[in-house]
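Thanks for sending this one over. Here are my notes on one helix and the ligand, set out as short points.

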Amino acid sequence: MIYLDNSATTKVAPEVLEAMLPYLQEEYGNPSSKYYTLAENAKKAVENARLQVAQLIGCEPDEIVFTSGATESNNMILKGVADFYSNKGKHIVTSKVEHPSVIETCKFLETKGFKVTYLDVDQYARVNINQLQQILTSDDKPILVSIIWGNNEIGSLNDIDTIASLCNEYNVFFHTDATQIIGKVRVNLNQTPGIQFLSCSAHKLHGPKGIGVCVIRKHKLGFKTKITPLFHGGGQEKEYRSGTLAVHNIVGFGVAAKIALANFEDNVKKLTELEKLTQSILVSKFSDIIEFNHDDTNKIPGLISIRLTGVNNELFIRKVADKLALSTGSACSSTKPSHVLSAIGKDLNDVRNTIRITLSPDTEKYEIESVLKKI
Ligand code: PMP
């Protein structure tokens, strides 16, 4: 069986597992404890991982807050900014194609009296920047803009540089959900002023599940950016996120980030080659019925979203399940028709014909060739 659902999650890399194991066995200290070796070792391991993740994202280590994953990070930023800055305004801007952890949080905030604008998107699910600019220059200036960097269903990248610099120019906080692009698209927050907050998760880059980060950038003058914490408690993570740190998971994220950074160019090259190969096999196999949902340029390397006219995606995926692991779109919303495909103008038939194939740099060419040709 070959695994082609790497946007849902990835296999933990052997080096990651190896680095994590001591922190589940002999090095079990709590990094918030003090003075004795077990605690100090745990603390050192956490700080080392913080540096490794910061290097992948291009920010300062003290701007990294460890969370349980991107769902928590997205909740933390949206609710935390909404609560802390509600005296400055109650308007939040996002888009129609965000991950449910953003959209559902926005819906929740609407019930608490916030106004949310869901920006329209083009045929590839990229936000309309003119619409954003109009809102930023209007009397109803938002307190926060939250836009996904790379779409988890069809892979299109938003023009995050332009969006971030617009938000910067109009002095509005900007958050981006970068969960699907970390390790696949170069990110350097130090060179992208305007991104104040970023969410991502280790399990999309061969790290463990249940660990993510929320990047909270310092204010231009060096102050910490304040938000209301989602969790109150012992004050870990400099009061931003209480709860005993999951040292083994944090160490795993650090190593996954280090590997992703070291292999960045090779990984992108390999994903691009594998993507071309997969597409050409699919086109020759399904030439009469295949259409692509994704754009060819400005996309996440290794994500392919196709429609096979007349083929029910659920039935197809079940039929090939012993040979191939595929997805209809996103793992998180597999019970509802895709809001992303609806937002880009696809009808219910298109949605039912859609299959997402997502590759990993670990996927082997020969596996794709041998398995895809047989289906
Ligand atoms: N945002 C995006 C774009 C995602 O793809 C996912 C995972 N499917 C999440 C957020 C949620 O991440 P996590 O699983 O770490 O909660």
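1. Is H3 mostly covered or mostly open? Mostly covered: 11 of its 15 residues are buried, where buried means under 20% relative accessible area with a 1.4 Å probe, protein chains only. Among them are Glu 72, Asn 74, Ile 77 and Val 81.

2. A word on the basis of these values. This is a predicted model, in which local features need pLDDT of at least 70, side-chain atom pairs count only at pLDDT 80 or more, and totals for chains, interfaces and linings use all residues. Residues are numbered from 1 along each chain as its sequence is written, and side-chain values use heavy atoms, with hydrogens and water left out.

3. The length of H3 (residues 70-84, a DSSP run of H or I with at least four residues) agrees with expectation, because 15 residues at 1.5 Å a residue, times one less than their number, should span 21 Å, and the end C-alpha atoms are 20 Å apart.

4. Now the ligand. It is surrounded by 15 residues, each with a heavy atom within 4 Å of it; Thr 71, Asp 177, Gln 180, Ser 201 and Lys 204 are the closest. H3 gives the most to this shell, with three residues.

5. Look next at the polar contacts (pairs of N or O atoms within 3.5 Å). An oxygen atom of the ligand lies 2.6 Å from a polar side-chain atom of Thr 71, and the side chain of Gln 180 has an N or O atom 2.8 Å from a ligand oxygen. For Lys 204, a side-chain N or O atom is 2.8 Å from a nitrogen atom of the ligand. The protein buries 88% of the 400 Å² that the ligand exposes when taken alone.

Technical notes: Helices (H or I, at least four residues) and strands (E, at least two) are DSSP runs, numbered from the N terminus. Buried means under 20% relative accessible area, exposed over 50%, partly exposed in between (1.4 Å probe, protein chains only). A polar contact is a pair of N or O atoms within 3.5 Å; within protein, one must be able to donate a hydrogen and the other to accept it, and residues adjacent in sequence count only if both atoms are side-chain atoms. Accessible areas come from the Shrake-Rupley method with a 1.4 Å probe; for residues, only the protein chains shown count as cover.
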